[in-house]
Amino acid sequence: METSSLDMSESDNDGRINTIMSNSELAESLPSKTVPTTGCYSGKRKRHAVTVGDIDDIESTQNIRERSKPPADDSLLEPNQDKRHNRTKKLRMNAKRNPIYYFFEPVSCVANGTRGSEGDKHYRCYHGNHKITTVKASMKSNLCGLVKTLKDASGPMYALYLNLKERGPGEPITQDEIDIASGKTPIDPRKIMEFVSKLKEKTDTCRESWDQGMFMELLTKWMVASDKSFDEIESPEFQELLNFVHRSSPPLHIPGRNVVKRRVMDMGNNVIEETRRMFAELDCKISISLDAWTSSNMFTFMAIVAHYVNRDGELEELLIDFRELIGEHSGENMAEVVWDTLVMYGIEKQHRARAAGTCFKASWARLRCMPHTVHLATIQLLECIGMLSSTEAKKTRSRSGNYQDDVVAPLDRNNDDDDEAAAQSGQDDEEMLPFQPSVESSNDIFTAVDKLRKIVRAVHSSPQRKQSWLHQVSEELRKDGTGKMERALMLTLDVRTRWSSTHQMMRRALYYQSIVDNFVRLHKDLHHLELSEAEWAAIAQIAHWLEMFQSATTEMSCTKQSMLSSTHVVFRGLQEHVRAILKDLPNDMNPRIKAGLFAAHRKLSEYYYRRDQSPFYTWAALLDPRIMYEGLKEEYIDGPDLLAYLEDAKKQLLEYYQVNYACTSDTPSQTSPAAAGIVSSTTFSFAARYKNKSRQVNELEDYFKLSPESFNHCDPLQWWFKRRALYPTLYCLARDILAIPGSAVAVERIFSGGRDTLLLHRASLHPETIRMLMIVKQRLKSA
């Protein structure tokens, strides 16, 4: 078999001597790994033919192993090896060193001169008889032998070692202490013990000031209140931060994620037990508000909030459960969840005791959310005047979310960027085509809002236009002399299914009206969207209407004051405002505008009628010292039906008071022999003629004789609390009824907090863990 060979010429231009190699020899000479010589993984190496010099330069495995051994002297290191060696030395210096080494010096051999096995290390003690101790390689750096040698050599030095070992990261070892440990500073053993005693006293003081249990409790509270994930506790950077700020001894022990999770569950159970004991001591009735919500990880929860008046006459609200709702959202299923919660807190016993002998009426117990009613009336108005399509109106009515918080959101820079508005703006880019008003939109009130929407989206369409807008606003503020006091704000993007955002868009645009006009004139593609004076007036008119609904929602969104009686005030006031707007409209106004205002008023009227299915609304107004019976009677003077309903409600309230409060508070009095006319021969009552005659007082009738208080300067609950001695029984009735919430704002805000707790990186949380997180989180906020 003929063997092929690699034939090379006698000489090349570079002067290398060439020879002929067989393929087998060349194959044997090929290395498994070729280390690049010009840069790390550089692809721009100079290629040349394979020569004998290249092949002979290939080292054997043994040569490579010999060269890879570290040199004994640092001066013999190559530049790259020198850098790696210095980096290793630096890492070793930064690592925490056991203080036992300060009491020993390293030596090369034992007392008899032998070096021992490879890897053995020998240390001579600075104290006692200077014994040499060997740390064998098989011991894997175990220092117990050194510690025992020091303990046998010098008790005071051993005590010093223990003190140095217990030092925390924030208590570095001083040079004086190192000199004493190494014997460089001679010191009397008696003084050593005094020195160690002082160090121990200082260490004990630091140790007493550190409470590991309190640290873990505060750490857990911070994680729950800040919506931090359990994994964050094991973050190296976070642990490094905790170790840095820890300045005392003993060393900081940071719990793991599972430990923190167990503590959260324990804290939740403790909160439930504390609430149970608190409810057992309450002498008032407890009202609840509830609603269901589906989280981002597709769990349905029911939030149950308790409302009650504490012993100081203050209204309190408390999340008592955030339970998973399994199955259909039927009334029976929800009722079972609510009943389980009542049983858990022991409230069902109070319910049974107070309901004995009375008939529970579901229509009385169901109260509707006032802000939601205002929300529906506003949608009705916007749909009729053409600002919302029927599809958008339907979506808005069924929209889940805290519309109360949307309405009361401030118009500051924090609300400039709305993800939902930006997403909708991106979907509606096709609406940026030249505006062509239709026959239906011929009136200014229809075209103005549509033009304004397109202008706002044009401002937000690119970073350059955003910068141009902010520059124009800043220049205008600078000219007015308010540039340093006021920040430039962007126009607010609106979301069609959130009427509150449309209201905010119009308010911001009206505030910057002149700047909006200038911005449109500077951009040719927006000239067709220029707003006339009539259109600006139409925008101002719609903003005024929405301001009316926004004010009603804001007033009813308060949860720290009694708001059930205010429902009557808001309903009647809102109806009067809508009626006044209709009355002031010109006769030639577009019929759709009239129809929209009429539909909004009708929606309010429908819910006003439904409201009367429960007497608690009217009872709360009767027991509100700002309204009372005389106030309602005067307001209903032109409505015979309303007056008749008022009289029936007053009669029902008196019966309810007599059955549930007055009768239960009366206690039979003991009759003394003197009062019965039987006088003892040894007992005389000389002051009997001054004794007041007892009489039955109807507190409710006496209360109705009073004049109403000022509406703006009177807190109904505090008014009753200050007069609880004058009306001890009626106070209990007023306290229980005025504590009933007039809206579901408290529950909606719980759901807003749930969205912060259940972020994307926490989507795998178990429903029971979510429940405890929410209960603990709300308790921390209320505290």
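# A walk through the helices and loops

Gln472 is a buried residue, with a relative accessible area of 15%. Select Gln472 first: you'll find it in helix α20, which covers residues 463–480. Keep in mind throughout that this is a predicted model.

With Gln472 still selected, show its surroundings. Leaving out residues up to four places away in sequence, Gln472 touches Ile515, Asn518, Phe519 and Leu522. Now add Val516 and draw a C-alpha to C-alpha distance: you should get 9.5 Å between Gln472 and Val516, although their positions lie 44 residues apart along the chain.

**Zoom out**

Time for the whole protein. Colour by secondary structure and you have 33 helices and eight strands. Of the 783 residues, 40% are buried. If you bring up a contact map, look well away from the diagonal: among contacts with a separation of 6 or more, 67% join residues 24 or more positions apart.

**Helix α15 and its partners**

Next, select residues 370–384, which is helix α15, together with residues 591–611, helix α25. Two packed helices are described by the angle between their axes and the distance between the axes. Here the axes are 7 Å apart and the angle is about 160°. That angle is over 145°, so α15 runs roughly antiparallel to α25. The crossing of these two helices is right-handed.

Which residues in α15 meet α25? Show side chains for Thr373, Leu376, Ala377, Gln380, Leu381, Glu383 and Cys384 on the α15 side. Across from them, on α25, pick Arg592, Ala595, Gly596, Leu597, Ala599, Ala600, Lys603, Leu604 and Tyr607. Colour the set by class and you'll have 10 nonpolar, three polar and three charged residues.

Leave α15 on screen and swap α25 for helix α24, residues 566–584. The axes of α15 and α24 come within 11 Å and cross at roughly 15°. With an angle under 35°, this pair counts as roughly parallel. The crossing of α15 and α24 is right-handed. Met370, Thr373 and Val374 from α15 make the contact with Thr567, Val570, Phe571 and Leu574 from α24. By class, that's five nonpolar and two polar residues, with no charged ones. Thr373 is worth a click here, as it appears in the α15 contact with α25 and in the one with α24.

Now click on Thr567, in helix α24. Buried or exposed? Thr567 has a relative accessible area of 1%, so it is buried. Setting aside residues up to four places away in sequence, Thr567 touches Met370, Met556, Arg611, Tyr617 and Gly742. Two of those names tie back to helices you've just had on screen: Met370 belongs to the α15 contact with α24, and Arg611 falls at the end of the α25 range, 591–611.

**A perpendicular pair**

Hide all that and select residues 212–225, helix α9, plus residues 767–782, helix α33. How are α9 and α33 arranged? Their axes are 9 Å apart, at an angle of about 100°, and α9 and α33 are therefore roughly perpendicular to each other. Lys221, Val224 and Ala225 of α9 meet Leu773, Val776, Lys777 and Leu780 of α33. This contact has five nonpolar, two charged and no polar residues.

**Two loops with positive phi**

Off to the strands. Go to the loop between β4 (121–125) and β5 (132–135) and select His130. His130 isn't a glycine, yet its phi is positive, at about 55°. At 43% relative accessibility, His130 counts as partly exposed.

Then jump to the loop between β6 (287–294) and β7 (300–309), where Met298 sits. Phi of Met298 is near 65°, again a positive value in a residue other than glycine. Met298 is exposed, with a relative accessible area of 65%.

**Last stop: the cysteines**

Finish by selecting the cysteines. How many disulfides does the structure hold? Zero. Try Cys732 as a check: the closest cysteine sulfur is that of Cys284, 9.1 Å away, which is too far for a bond. Cys732 is partly exposed, at 23% relative accessibility. Cys109 also comes out as partly exposed, with 23% relative accessibility.

Note on methods
Residues numbered from 1 in each chain as written. Predicted model: local features only at pLDDT ≥ 70, side-chain atom pairs only at ≥ 80, totals over all residues. Heavy atoms only, no water. Axes fitted to C-alpha atoms, helices over the stretch in contact; angles between N-to-C directions. Helix = DSSP H or I, 4+ residues; strand = E, 2+ residues; numbered from the N terminus. Parallel < 35°, antiparallel > 145°, perpendicular 65-115°, else oblique. Left-handed = near helix turned anticlockwise from the far one by under 90°. Contact = heavy atoms within 4.5 Å. Nonpolar A, V, L, I, M, F, W, Y, C, P; charged D, E, K, R; others polar. Disulfide = S-S within 2.5 Å. Buried < 20%, exposed > 50% of the residue type's maximum accessible area, 1.4 Å probe, protein only.
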